[in-house]
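Welcome! Here is a short tour of one protein chain, beginning at its core and then following a single helix.

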Amino acid sequence: MLRGIALTIVSIALAISLQSCAAKVPASAVISEARIEISLARRAGAEELAPGELDEARDLISQAESALADGEVEKATHLAEMALLKARYARLKASYKRAREELERERAELEALRAELGAVRKAREEAEAELKRIEEGEE
């Protein structure tokens, strides 16, 4: 599962790199996209499940906005792209952790059901054995 997340992040990084080479996207647009991704990460639970990555993305956005205000467009774009990747990673990490938690809950529930089924089977076997003893005693 972590391998899939890593591949997704590498793919995103490559796509952003190719995108920035192919066509220059205004820094403000990349900053806006990164802000949206930060918002999505927050909704996915990154504040709780990936706080370091989310904080890094926020810090990078602040740096990008400062660079843009200082007229350093390329630096601002680069920082915003990094923030975008960090925010996506935070979102993916949070989603992964939530999925793992859900999987563990489902596994625990399954084990409880298996234990309950085992107890029911044992009770049934005991009841059948008792019934057999009773039927044999009547003959």
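## The core and helix H4

Ile 38, Ala 46, Leu 54, Ile 61 and Ala 90 touch the most other members of the largest nonpolar core, which has 24 residues. Such a core is a set of buried Ala, Val, Leu, Ile, Met, Phe, Trp, Tyr and Cys residues joined through side-chain atoms within 4.5 Å; buried means under 20% relative accessible area, with a 1.4 Å probe and protein chains only. The helices in the table each give two or more residues to this core, and H5 supplies the largest share, eight residues.

| Helix | Residues |
|---|---|
| H2 | 27-43 |
| H3 | 46-49 |
| H4 | 51-69 |
| H5 | 73-138 |

This is a predicted model: local features need pLDDT of at least 70, side-chain atom pairs count only at pLDDT 80 or more, and totals for chains, interfaces and linings use all residues. Residues are numbered from 1 along each chain as its sequence is written, and side-chain values use heavy atoms, leaving out hydrogens and water.

Helices are DSSP runs (H or I, at least four residues), numbered from the N terminus. The chain has five of them and zero strands.

Now for H4. Its buried residues are Glu 53, Leu 54, Ala 57, Leu 60, Ile 61, Ala 64 and Ala 67. They lie on the same side of H4, because they cover an arc of only 140 degrees around the axis, taken from the directions from the helix axis to the C-beta atoms. H2, H3 and H5 are among what covers them. Leaving aside neighbours within four places in sequence, Ile 61 is in contact (heavy atoms within 4.5 Å) with Ile 31, Ala 34, Arg 35, Ile 38 and Ala 83.

Technical notes: Buried < 20%, exposed > 50% of the residue type's maximum accessible area, 1.4 Å probe, protein only.
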